[in-house]
Amino acid sequence: MPRAGIIYNDNKPTAHRTALDLEQLLMGQGYEVLLTTGVRGLLGCVQISHDTCVQKIADLVPPSFDGEVEFAIVLGGDGTVLSACRQLAPLKIPMLAINTGHMGFLTETYLNHLEPALEALLQGEYSIEDRSMMRVQVGHQQQMVWEALSLNEMVLHKEPLTGMCHFEVRIGDHALIDIAADGVIVSTPTGSTAYALAAGGPVITPGVSVLQLIPICPHSLASRALVFADSEPLEIFPANHERLVMVVDGNAGCYIGPEHKVRISRSPFAARFIRLKSAEFFRILREKLGWGLPHIAKPTSVELP
């Protein structure tokens with residue numbers, strides 16, 4: 001019997017009702033349906049200890065899900081999609097994201113288009129787009145004490161965000177660089193249209209194998225966004241007496257002390273998005289962010305004097 005998953009935002013009644021309806025519909029098509037919420041993929045903000053990893057990447061996978069699940073339907077907004085990525089990526093399960101939220105930048109279609117989307121899905125009329133993810137790890141004395149998968153970004157700053165921080169940063173085997181800023185952002189190409197964009201970073205198309213480092217409100221004209229190959233890991237050493245807070249994908253994360261090291265590398269797991277039509281990144285930029293829209297009226301013809 002084929003297997004399918006449904007992940008939904010249980011804080012949205014519409015998503016919950018739709019999940020139950022989809023469960024019955026898929027069962028009628030001969031599927032074994034695994035139903036769960038996006039809560040399991042959420043990251044709690046924790047005070048990490050020095051002797052154990054609080055939450056391993058594999059712990060976020062729903063217990064009933066395995067590699068035999070053909071696809072998962074995700075019902076919610078961008079937050080639910082980010083949570084679902086952490087739940088599904090280790091198993092390489094592709095997902096069809098249906099927007100029941102607001103912006104829905106990461107979703108494939110809207111709830112009012114669910115019927116034709118489901119028909120195309122069941123008939124196999126789709127492609128799969130892989131989006132790179134980051135593996136964020138916190139170390140202490142050569143031991144990993146915290147880790148998480150990230151599709152968008154990692155942000156490291158003071159709590160609250162009101163003062164200058166000092167960071168020593170190393171990319172690969174290159175020399176350490178010093179950054180003085182209110183915080184730093186490390187993002188994937190997918191995350192380049194999220195917090196990184198608001199902080200002044202460039203938009204990066206999804207297929208480019210890079211990460212970017214962006215200082216938040218840097219205290220130097222020399223500190224600017226840096227794009228580098230994701231084949232090289234990045235390490236951040238906080239040079240502060242006070243503890244900092246690290247936030248992953250705008251969700252939660254952990255507190256970082258001066259004795260900790262943050263290591264970011266490309267994850268071996270990718271987020272797999274089901275595309276019902278050919279992926280057109282610039283169309284999404286135009287529809288969601290208004291990129292490339294004309295600002296002045298253009299003449300339809302030119303009159304010669």
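A residue is called buried when its relative accessible area is under 20%, exposed when that area is over 50%, and partly exposed in between. These words are used in the legends below, which describe close-up views of a predicted model.

**Figure 1. The whole protein, with its five helices and 17 strands.**
In overall extent, the C-alpha trace of the protein spans about 80 × 60 × 35 Å along its principal axes. For 305 residues, a compact globule would have a radius of gyration near 19 Å, and the 21 Å of the protein agrees with this. Buried residues make up 50% of the 305 residues, and the accessible surface comes to about 14,700 Å², with 53% of it belonging to carbon and sulfur atoms. Among the contacts with a separation of 6 or more, 69% are accounted for by residues that lie 24 or more positions apart. The protein carries 23 positive and 32 negative charges, and the mean positions of these two sets are 2 Å apart.

**Figure 2. The salt bridge between R275 and E129.**
In this view the side chains of R275 and E129 meet at 2.7 Å, taken from N to O. The pair links distant parts of the chain, since R275 belongs to strand β17 (residues 261-275) and E129 to strand β6 (residues 127-140), 146 residues apart. E129 has a relative accessible area of 18% and is therefore buried, the cut-off being under 20%. R275 also counts as buried, with a relative accessibility of 7%. Seen in a wider frame, salt bridges that share partners join E108, E129, R131 and R275 into one network.

**Figure 3. The salt bridge between D66 and R3, one of the 12 found in a search of the whole structure.**
The closest N and O atoms of D66 and R3 are 2.6 Å apart. D66 sits in the loop between β2 (32-37) and β3 (69-76), whereas R3 is part of strand β1 (residues 3-8), so this salt bridge ties together parts of the protein that are 63 residues apart in sequence. The two partners fall on either side of the cut-off for burial: D66 is partly exposed, with a relative accessible area of 28%, while R3 is buried, with a relative accessible area of 13%.

**Figure 4. The salt bridge between R283 and E287 within helix α5.**
Here the closest N and O atoms of the two side chains are 3.2 Å apart. Both residues lie in helix α5 (residues 281-289), and because they are four residues apart in that helix, about one helical turn separates them. R283 is partly exposed, with a relative accessible area of 22%, and E287 is exposed, with a relative accessible area of 52%.

**Figure 5. C85 and its surroundings in helix α2.**
C85 lies in helix α2, which covers residues 78-88, and C85 is buried, with a relative accessible area of 1%. When its neighbours within four places in sequence are left aside, the residues in contact with C85 are P90, M95, M133, L151, A271 and F273. P160 offers a point of orientation: C85 and P160 are 75 residues apart in sequence, and 28 Å separates them in space from C-alpha to C-alpha.

**Figure 6. T100 in the loop between β4 and β5.**
The loop that holds T100 connects β4 (95-99) with β5 (109-110). T100 is buried, with a relative accessible area of 17%. Apart from neighbours within four places in sequence, T100 is in contact with K12, A15, L75, G76, G77 and L111.

**Figure 7. Positive phi values at C217 and D249.**
C217 has a phi near 45°, which is a positive value in a residue other than glycine. The loop between β12 (210-216) and β13 (226-229) contains C217, and C217 is exposed there, with a relative accessible area of 52%. For D249, another residue other than glycine, phi is again positive, near 55°. D249 is placed in the loop between β15 (244-248) and β16 (252-256), and at 7% relative accessibility D249 counts as buried.

Technical notes
Residues numbered from 1 in each chain as written. Predicted model: local features only at pLDDT ≥ 70, side-chain atom pairs only at ≥ 80, totals over all residues. Heavy atoms only, no water. Salt bridge = Lys/Arg side-chain N within 4 Å of Asp/Glu carboxyl O. Helix = DSSP H or I, 4+ residues; strand = E, 2+ residues; numbered from the N terminus. Buried < 20%, exposed > 50% of the residue type's maximum accessible area, 1.4 Å probe, protein only. Rg over C-alpha atoms; globule rule 2.2 N^0.38 Å. Contact = heavy atoms within 4.5 Å. Areas by Shrake-Rupley, 256 points an atom, 1.4 Å probe, with all protein chains shown as cover. Lys, Arg positive; Asp, Glu negative; His and termini not counted. Charge placed at Lys NZ, Arg CZ, Asp CG, Glu CD.
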